[in-house]
Amino acid sequence: MDRLLITGAAGQLGRVMRTKLAGLADTVRLADRAGLGTPADHEELVQCDLADAQAVSAMVAGCDGILHLGGASTEGPFEGIVRGNISGLYNLFEAARANGRPRIVFASSNHTIGCYPQAERLGPDVPFRPDGLYGVSKCFGEALARMYFEKFGQETALVRIGSCTPEPTNHRMLSTWLSHEDFASLIEAVFRVPVLGCPVIWGASANDAGWWDNTHLGWLGWKPRDNAEHFRAGVAEAVPQPGSDKSMARFQGGAYVDNPIFKE
C-alpha cells in the first residue's frame with residue numbers, strides 16, 4: 001500500500017511493529033501523543049490525541065490502511081478509558097469513513113472474554129464476558145466496528161490479542177502468547193486478503209495449550225508459526241505455578257478478574 005498508519009506507535013507494541021512492518025507500505029505514518037523520535041526516510045510522524053476529532057481526521061487522511069494500537073492499553077480509571085477507547089475510537093472510525101474507509105486492524109483484547117474459565121475452548125461467536133472496564137471498552141470497540149461495517153462497509157479485523165510479548169513469562173501466557181512475528185504476519189495477511197469483512201480473530205500463536213479456536217479463518221491464509229510450549233520449562237523454573245483457587249489459574253483474563261474499579 002502507499003501509506004500505512006500505526007496509532008499508539010510510541011507504545012511497547014507500537015515500537016515493535018514500527019520496525020517489523022516497515023516494508024508493508026511505501027510510507028508508514030506513526031502517530032501517538034508521546035514523542036516518536038527521529039523519522040526514518042519512509043516514515044511520517046504525527047502527534048495526535050485520539051480525543052481530538054479534527055486531529056484524528058488529519059491523521060487518517062491519505063492512509064490506505066490503519067493498525068490501531070492507540071488508546072488505553074490496560075485497566076485504569078474510567079475517564080481515561082473513555083477518552084482513548086470510546087471517544088477516541090469513535091473519532092477514528094468517523095475519520096476513516098470520511099477518508100475512503102481504509103482497512104483497519106483493531107487491537108481488541110482477550111479481556112473481552114476474561115471471565116470465561118480456562119477449561120473452556122472458545123470460538124469467535126461466544127458472548128462477551130469482560131473482566132473489567134478496559135475489557136468493556138474493547139467490547140464497545142468491536143460493536144462499533146461491526147456497526148460501521150454493516151452500515152458503511154468499513155472493513156476491520158477485530159484482533160483479540162492475548163499476550164503479545166517477546167516470550168511468555170508466566171503459566172497463563174503459555175496459553176495466551178502471541179509472538180511479535182506472528183502478530184506481524186497476521187497484520188500482513190489482513191491487508192493482503194482481497195475481501196476482509198469484519199472478522200473476530202484470536203490473537204494467539206500456535207500454542208499447544210491454547211484456549212481459542214481460529215479454524216474459521218482458513219480463508220485468511222494466516223498460519224502462526226510460534227508455540228509457547230517451547231518456553232514451558234523455563235516458565236516452570238522461574239515462576240511458581242498459581243494455586244487452583246487463584247484467578248491466574250481459573251479465568252482466561254487472569255489477574256484482571258481481581259481488579260477493583262479504579263478511581264482517579
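**Exercise 1: a pair of helices**

Decide whether the crossing of α3 and α4 is left-handed or right-handed, and find the angle at which their axes cross.

*Solution.* Start with the hand: α3 and α4 make a right-handed crossing (the near helix is turned clockwise from the far one by less than a right angle; anticlockwise would be left-handed). A word on what you are looking at: this is a predicted model, in which local features need pLDDT of at least 70, side-chain atom pairs count only at pLDDT 80 or more, and totals for chains, interfaces and linings use all residues. Residues are numbered from 1 along each chain as its sequence is written, and side-chain values use heavy atoms, leaving out hydrogens and water.

Next, locate the helices: α3 covers residues 78–98 and α4 covers residues 133–152 (helices are DSSP runs of H or I with at least four residues, strands are runs of E with at least two, and both are numbered from the N terminus). Their axes come within 10 Å and cross at roughly 15° (axes are lines fitted to C-alpha atoms, for helices over the stretch in contact, and angles run from 0 to 180 degrees between N-to-C directions). The two helices are therefore roughly parallel to each other (under 35 degrees; over 145 is roughly antiparallel, 65 to 115 roughly perpendicular, and the rest oblique).

Finally, look at who touches whom. The contact (heavy atoms within 4.5 Å) draws on α3 residues including Phe78, Ile81, Leu89 and Phe93, and on α4 residues including Leu133, Phe140, Leu144 and Phe152. Sorted by class, it has 13 nonpolar, 3 polar and 3 charged residues (Ala, Val, Leu, Ile, Met, Phe, Trp, Tyr, Cys and Pro are nonpolar, Asp, Glu, Lys and Arg charged, and the others, Gly among them, polar).

**Exercise 2: another partner for α3**

Describe how α2 packs on α3, and sort the contact residues by class.

*Solution.* Begin with the geometry. Helix α2 (residues 53–60) packs on α3 at about 45°, and the axes are 9 Å apart. The pair is therefore oblique, and the crossing is right-handed.

Then list the residues. From α2 come Ala53, Val56, Ser57, Met59 and Val60, which meet Asn91, Leu92, Ala95 and Ala96 of α3. The class count is 7 nonpolar, 2 polar and no charged residues.

**Exercise 3: the nonpolar core**

Find how many residues the largest nonpolar core has, and which element gives the most to it.

*Solution.* First, the size: this core has 34 residues (a nonpolar core is a set of buried Ala, Val, Leu, Ile, Met, Phe, Trp, Tyr and Cys residues joined through side-chain atoms within 4.5 Å). Among those with the most contacts inside it are Ile6, Met17, Leu67 and Phe183.

Second, the contributors: elements giving two or more residues include β1 (3–7), α1 (12–20) and α6 (180–192). Helix α6 gives the most, with 7 residues.

Third, zoom in on Leu67. Beyond residues up to four places away in sequence, Leu67 touches Leu4, Leu5, Ile6, Thr7, Met17, Leu21, Val105, Phe183 and Ile187. There is also a second, separate core of 22 residues, which includes Leu50, Cys63, Ile104 and Leu144.

**Exercise 4: where α1 meets α6**

Is His180 buried or exposed, and at what angle do the axes of α1 and α6 cross?

*Solution.* His180 sits in helix α6. With a relative accessible area of 12%, His180 is buried (under 20%; exposed is over 50% and partly exposed lies in between, with a 1.4 Å probe and protein chains only). Setting aside residues up to four places away in sequence, its contacts are Leu13, Val16, Met17, Lys20, Cys164, Thr165 and Pro166.

Now the helices themselves. The axes of α1 and α6 come within 10 Å and cross at roughly 65°, with a right-handed crossing. Leu13, Val16, Met17 and Lys20 of α1 meet residues of α6 including His180, Phe183 and Ile187. The contact has 6 nonpolar, 1 polar and 3 charged residues.

**Exercise 5: a backbone angle**

Where is Arg101 found, and what is its phi?

*Solution.* Arg101 is in the loop between α3 and β5. Most residues other than glycine have a negative phi. Arg101 has a positive one, near 55°. At 43% relative accessibility, Arg101 is partly exposed.
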